[in-house]
Amino acid sequence: MITERSELTGLDLTGDRRSAFDRLGFLPVPDLGLSIGDLTEVERLLDALFDRYRDLPGEIAHDRAINDDPDVVRIPEIVRCTELEPRLLATRAFHVVTALADELLGHRSQMVFDHAIFKPVGAAGATSWHQDSAYGRDTGLAVWLPLQMTDVSDGCMRYVPFSHLGPNHEHRLDVTPQGHRIWHLDDALVDGMDPVSVPVPLGGANVHARKTIHGAWPNTGQRVRKAWITIFAKRPSRVQRSIDRLRPRRRSVDRAGTTAGDRATSN
Ligand SMILES: O=C(O)CCC(=O)C(=O)O
């Protein structure tokens, strides 16, 4: 396995999963206890959404790459998959990732956003470096669940260890030819921060905190790199939920929990 740093060497993954996650800002979970059938169930539902990719509105289905060729989609993304396909919420995979989020947040969690990125074969696009906090709230976490074994050549995730303990960096904004807004950090800045690549075996996942700097390699492999990403925040208390219900409703809330007017709507 090729990695930029010899994988997680030198990083302390000891202790319970929550303390390792709090320390590093991300956590590889090599085995979620899911069966092939559990993963296939998610894949079947997401495949059906990606079959509709070209028919879905641009706010929902778009290319995350800066790409001038409308015939080639380099980093196809569909956001709010669970709203389009609520059966995802009934999958065993969803229950397992929710339990993982509860464990790592040390609190009952709720999913606040989800999206899927299916990187095609032969149209390699790297997911640019960013902190999810560039899109809104800086607390909570994302569970990155690939639907196949994912090595560097398939387009695995990359993280900067401990970056969740540092600042919210100023991001640059790119607007794709289709009008999709992408906040990103310069490669040169992040390359100097000693990032690590984190391949995932089939049935595993990676989790990262919203302030953790991350990106993903392009898919240069032989199969579509499919990943379902669910974003969780601590579930507010019953009292807080009642107060929230009394507040005037915000018109549209993005994956980060900020209103559409605050910032872009995509990680
Ligand atoms: O799946 C990918 O390529 C990147 C995912 C990511 O960066 C994110 O969910 O914020």
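This passage walks through a predicted model, looking at its sheet, two helices that lie across the sheet, and the nonpolar core.

A good place to start is the open sheet, which has 7 strands in the order S1-S11-S6-S13-S4-S3-S2, paired in antiparallel fashion. Strands S1 (26–29) and S2 (61–63) stand at the edges with a single partner strand each, so one side of each is left without a neighbour in the sheet. Neighbouring strands are turned by 20 degrees against each other on average, direction ignored. As background, strands of a sheet pair through backbone hydrogen bonds, and the pairing can be parallel or antiparallel. One pairing to look for joins strand S6 (residues 141–146) to strand S13 (residues 225–234): these two run antiparallel and share 6 bridges. Here Pro146 is found opposite Ala227 in S13.

Next come the helices. Helix H1 (residues 17–24) lies across S1 and strand S11 (205–209), and runs at about 135 degrees to S1. Helix H4 lies across S1, S4, S6, S11 and S13, with an angle of about 145 degrees to S6. The length of H4 can be checked by simple reasoning: at 1.5 Å a residue, its 14 residues should span 20 Å, and this agrees with the 20 Å between its end C-alpha atoms. The buried residues in H4 are Ala93, Phe94, Val97, Leu100, Ala101, Leu104 and Leu105. Seen down the helix axis, the buried residues of H4 fall within an arc of 125 degrees, so they line one face of the helix. Just after H4, Gly106 takes a positive phi of about 65 degrees.

The largest nonpolar core has 57 residues, and those touching the most other members are Ala116, Leu141, Val143, Val207 and Trp228. Helix H4 (residues 92–105) gives the most to this core, with 7 residues. Val207 makes a helpful example: leaving aside residues up to four places away in sequence, Val207 touches Phe21, Phe26, Leu27, Val29, Leu100, Leu104, Leu141, Ala142 and Val143.

Finally, Phe118 sits in strand S4 (residues 109–119). Is Phe118 buried or exposed? Phe118 counts as buried because it has 22 C-beta neighbours inside 10 Å, and the cut-off for a buried residue is 20 or more. Its contacts, not counting residues up to four places away in sequence, are Phe50, Pro76, Val224 and Lys226. Ser242 is 124 residues from Phe118 in sequence, and their C-alpha atoms are 38 Å apart in space.

Definitions and conventions:
Residues are numbered from 1 along each chain as its sequence is written. This is a predicted model: local features need pLDDT of at least 70, side-chain atom pairs count only at pLDDT 80 or more; totals for chains, interfaces and linings use all residues. A nonpolar core is a set of buried Ala, Val, Leu, Ile, Met, Phe, Trp, Tyr and Cys residues joined through C-beta atoms within 7 Å. A residue is buried if 20 or more other C-beta atoms lie within 10 Å of its own, exposed if 12 or fewer, and partly exposed in between; C-beta atoms are placed from the backbone. Helices (H or I, at least four residues) and strands (E, at least two) are DSSP runs, numbered from the N terminus. Two residues are in contact if their C-beta atoms, placed from the backbone, lie within 7 Å. Two strands pair if DSSP finds at least two bridges between them. Axes are lines fitted to C-alpha atoms, for helices over the stretch in contact, and angles run from 0 to 180 degrees between N-to-C directions. The expected span of a helix is 1.5 Å times one less than its number of residues. The arc is that of the directions from the helix axis to the C-beta atoms.
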